[in-house]
Each structure stands twice: as C-alpha cells, then as structure tokens.
Amino acid sequence: MILRGAVGFRRNVYSKILIILIILIFMFYFFKNLNTNVNNSVANDILLSDKLVDNSEKNKINELELLIRADLAKQEKGLGDNGQGADLTGDAKEKGEKQLATIALNEELSEHISYNRTPPDGRHPACRNKKYDLDNLLTTSVIIIFYNEPYSVLVRTVHSVLNTADSRLLKEIILVDDASTNDELKDKLDYYVKTRLPNKVKILRLRNRLGLIRARLAGARLAKADVLFFLDAHCECMKQWLEPILERIKESRTSVLVPIIDVIEAKNFYYSTNGYTDYQIGGFTWDGHFDWHDIPKSERERQKRECKEKNIDICPSYSPTMAGGLFAISREYFWEIGSYDEQMDGWGGENLEMSFRVWQCGGTLETIPCSRVGHIFRDFHPYSFPDNRDTHGINTLRMAVVWMDEYIDLFYLNRPDLKNHPGMGDVTHRKVLREKLHCKSFKWYMENVYPEKFIPTKKVLAYGRLASLAENLCCDTLQQNADKPYNLGVYACFRPEVTASQLLSLTRNNVLRTERSCATVQHTRDSSQRFVVMVPCIGDDEVSDNWNITNSKQLKHIQTGLCLDSSDLSTKNYVHVTTCNSGVKSQKWEFQHEGS
Ligand SMILES: [Mn+2]
C-alpha cells in the first residue's frame, strides 16, 4: 500500500512536471516566433526604405526622379550669379514674402536660384596672389548638421563645397540629419545624393533628435580626414576658402580657425562682402552671449610683430571667441582638447565653451582673412527647441561653472535666474578634463586674450542699478540694440536682483556705462532738457564724456554741467539731463554698490 501509494504519488508529480515542461516549451517557441516576426518586420522596413531594391520600388524612384527634374527645371540660369541679390515676380514673389515672415527665409527664391550659382570673389588682392602646394596640404572632412533645413538651401551648400574645394583637399562631406521631420530631406535627398553627387558625400541619419552639439559629435566620430571643417547647412563658399585654413593648421596644429563669415541675405540671397579689411572678431557679453567687435590695436601690434605675411591685412587675427557655426580644427586636436561637452542639449553656449577651453588649454582661436564663407543670416529662429527648454542658458551655465572661475559672479549678476539652476546637471567630467589638460585660469584669459573686455565691477567708483530717490525708477537700457546709439531709459527698479538692462557702472575714468555702451549727452541747441545717448564703446579711454557724483547725490555730466533728472518720467520713458539744482529730489540718484 505504502509502495503503491508512493509510486502513484510520483507518477502524479512526473506527469505534472511533463505538462509544465510542454507548456514552457510551447511558450518558448511562441515568444521566439513572435520575436522573429518583429525582427522580420524591422528588416522589411529597412528593405522598403532602401531604394533601388525591387520592381515595386520602381514607381517610387520614377517619382523622385521627376521631382528632382522639376526642381532643376525651376532654376533660372544666371539668377543670383556672382552673389547678386534676386527678385521674383507675381505669385512666386508673394509666396517668398510669406515664407520670409514665417521661416525668416525666402525659400521660393532659393528654389529659383541654381545650386551652382557663383559667389563673388571678395578676397583681399593679396590672397589672390598666394600659391598653395595642393599635393602637400592636409585633407578635410566637411561636417554639416541639418534639422529641417530648406532642401534647396542645403543642397546648394553641398554643391558650393564641391565646386570650390579641390578634390585632393576634400576627403568627404558628412551630412548629419538630426531627425528632421521634413519629408523632402529623406528619400528625395538620398536619391539626389546617390544619383547626382560623388560618393564622398555621405548622409548620417540620427534616429532621435540629439541637438546640434551631439549631432556634430556623431558626425565627427565618422570623419577620417586630417581636419574637421564644420559648416552650417546654409552656406556658400568663396574661391580658395579651404587652402589658407589647411595651410595654417599644418603650420600650427593647435590653432582653431574661422573664415571671414560673409552675410547672405535671407530675403534676396545677396552675398555681401563688405570690403577686404573690414571684418570683425568674436567677443562675448557677461550674460553669456557671443558678440562681434573690431580688431583692437593690441592685436594689430601683435600681428606686426609675429605675422610672417608681408601684408598685415591677410594675417591670421587672434579672436577671443567664435560664433560657432563655421570653424576648422585638426581632427586629432578636436578629440585631445575635449571635443564638446556632450551633456549640452539642443543649441547654444557650446561656442563660448570651446573658445574659452581652447585658449585656456594652450590653443589659439584665429580668423583667417583669406578664407571667406557666406552664411545666410535669418532674422529669427524658425525652429522650436526640444521641450522648449532654454538650452542656450543652461549650456552657458555649464560652461561658466567649468571655465570662468570667480568671474562667474559677473554671469550671475546678469543672469540671476540661472544661479543654482536644477537643470544644469553634472559637470564633474569637464572639470576633470580641465585638470588633465593643465588649463590656465579665466583671469589669465581676461588679461592675455581679451584685456580690452570691460568688467562692470572692477576699476569702478560704483556699479549696479542706478535708482532715482524720487520715484521707483531705475536707469534701464530698455533692451535696445547696443550695436548702435540709443537713448537711455528708465524702468521700474528690479529687486532684489539687478537685471542686465539695469546694470550700470561709473568707472574710475568717470565714464558712465553699461557693458557695451558709454553714456553721452544729446547734442542740441535746446539746453533745458537733453537725452542721454548710449554709444558703443570698448575701452573707457576713448570716451570724452565724463560724469561725477556730487555731494548732494546728483549725477553730473562734466562737459555740459547738466544733471540727470527723473522729473515727469514714467516707466519706459527716456531719461534726461537738465540744469543742476541740488534741492530737487528728482536729481538725487543712488548706485546699488560702491566700487572696489
Ligand atoms: Mn547658421
């Protein structure tokens, strides 16, 4: 009984195990098949999207071929040649104007202009006489990132590179599609490249939008030439733009180079060359933006001492920063010096980060005047940023924390909103990089690379907001364009933090100024009331307008003897100077901080 019972029990267990095993095996095969089905359908997708596969695709190819032929038929021979601006008529004109308002670019006109239109030759005559040994120059990989770029503009950029770069110098053009959503940039572009362009043009398709910085890194990882040349997707290259750059990198491997960036107008595609010598170099503002400024005297002196060119106009110009869209760098050096901060999202800030890093870590940043590339400047940015984050601000914060040392306080003074910002993320690996490369301090950079840069809190008698004691009004730039003269205004005081628009300094040279503009007094016969006119300035020394704080807290313009006055003003008005009267409250002002 016991035995039989035990055998019966065991038999029962065996059969249960057997059933479970069968179920498991069944499930295993079921899911395995499911898996291969999934894989097969992915494989099918890939096959389907790969052109020139089977007969069912023929119709599609014919369709693409027709589209491309229609594009070519639309182009008007000679239109826009030699960089001329062009006009459309009728419906096309209207369409172009609408596009200018919505995407800040006349795409219709771009489609009427040949991919091969010629830019002007705006180079300095001394550049035209230069000879280059093409067989012994370095090679270059041109890397172009695009996100929903107008198709014809992108294709013209590629043609322009192919038309102007000697084949011995151009190893490849790598187009990186940062997950564009515009259909034209998919099959049609693939087909165009495959059927119309040489093999050295490659397209890398990113599955998800990575943003400019990581997309560039993806392109750079594929590149094989000696030099990486990053271009925006809306450029046209002038004759011999590559040669002087490649020559300079061969001579100085740690020089990061930018061409002169010419303006192509978004409304009529006019390529403007703006004279031979009248080019600008890069600076920055303390709120973390790039700006342009003239070549300072000290740099001209350096060129006279160090440049081997006979004509000083074509010497490389040291530039404190770069705009970032167009530059060339030795491929090896790009990786050695820390490529990019790959945790920077979207767009913005990476150009100042690279500029400071290159200078502080032993390289140089130079503008090469014999190399010129046209760039379409748009009035506004037509694309949204991923998740609508202020990537420019956060990227700039990451940069400032790693590279600016104690000068970061000036950044926070202009951008108090970014102090302790939770979106910054971790920058430890960039600080480690700075250590590893034995980079110099930001103080060194300021003193040696950009000594003419104004520091709002140093060598000043007072700084901060300049508040009226009569009303809740502070002097304010009203965010007017600092590239040209504007009238100083007043606005309700921002408290507790000062904002960039209310940040003024009175320097030890008695100059009243913002970071970029110096205060003068309007020239007028009517002396009773005059506006305060802010004019662009770099150094204090060349400014002939001086201001004093009097014992009764007036701000007195020395040359005219008039005093700053807030009477009859409301927010957003222009402030004025008038006859001094120490008894009126509207002439009493107070700076936020004493100078040091
Ligand atoms: Mn651009």
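Visitor: Where does K572 lie in this predicted model?

Guide: K572 is in the loop between β23 (562-565) and β24 (576-579).

Visitor: And why is K572 called exposed?

Guide: Count the neighbours: 11 other C-beta atoms lie within 10 Å of K572. Exposed takes 12 or fewer, so with 11 the residue K572 qualifies.

Visitor: What makes the backbone of K572 worth a look?

Guide: K572 has a positive phi of about 80 degrees, and it is not a glycine. Most residues other than glycine have a negative phi.

Visitor: Which loop holds N82, and what is its phi?

Guide: N82 sits in the loop between α2 (58-74) and α3 (90-103). Its phi is positive too, about 60 degrees, although N82 is not a glycine.

Visitor: Why is N82 called buried or exposed?

Guide: Exposed, because N82 has 11 other C-beta atoms within 10 Å and the cut-off for exposed is 12 or fewer.

Visitor: What makes the peptide bond from R495 to P496 cis?

Guide: Look at omega, which is near 0 degrees for that bond. Most peptide bonds are trans. As for P496, find it in the loop between β16 (489-492) and β17 (504-507).

Visitor: Stepping back, how many helices and strands are there in the protein?

Guide: You'll find 16 helices and 25 strands. The C-alpha atoms fill a box of roughly 120 × 80 × 55 Å along the principal axes, and buried residues make up 38% of the 596 residues.

Visitor: What percentage of contacts between residues at least 6 apart in sequence join residues at least 24 apart?

Guide: That comes to 77% of those contacts.

Terms used. Residues numbered from 1 in each chain as written. Predicted model: local features only at pLDDT ≥ 70, side-chain atom pairs only at ≥ 80, totals over all residues. Helix = DSSP H or I, 4+ residues; strand = E, 2+ residues; numbered from the N terminus. Buried ≥ 20, exposed ≤ 12 C-beta atoms within 10 Å, placed from the backbone. Contact = placed C-beta atoms within 7 Å.
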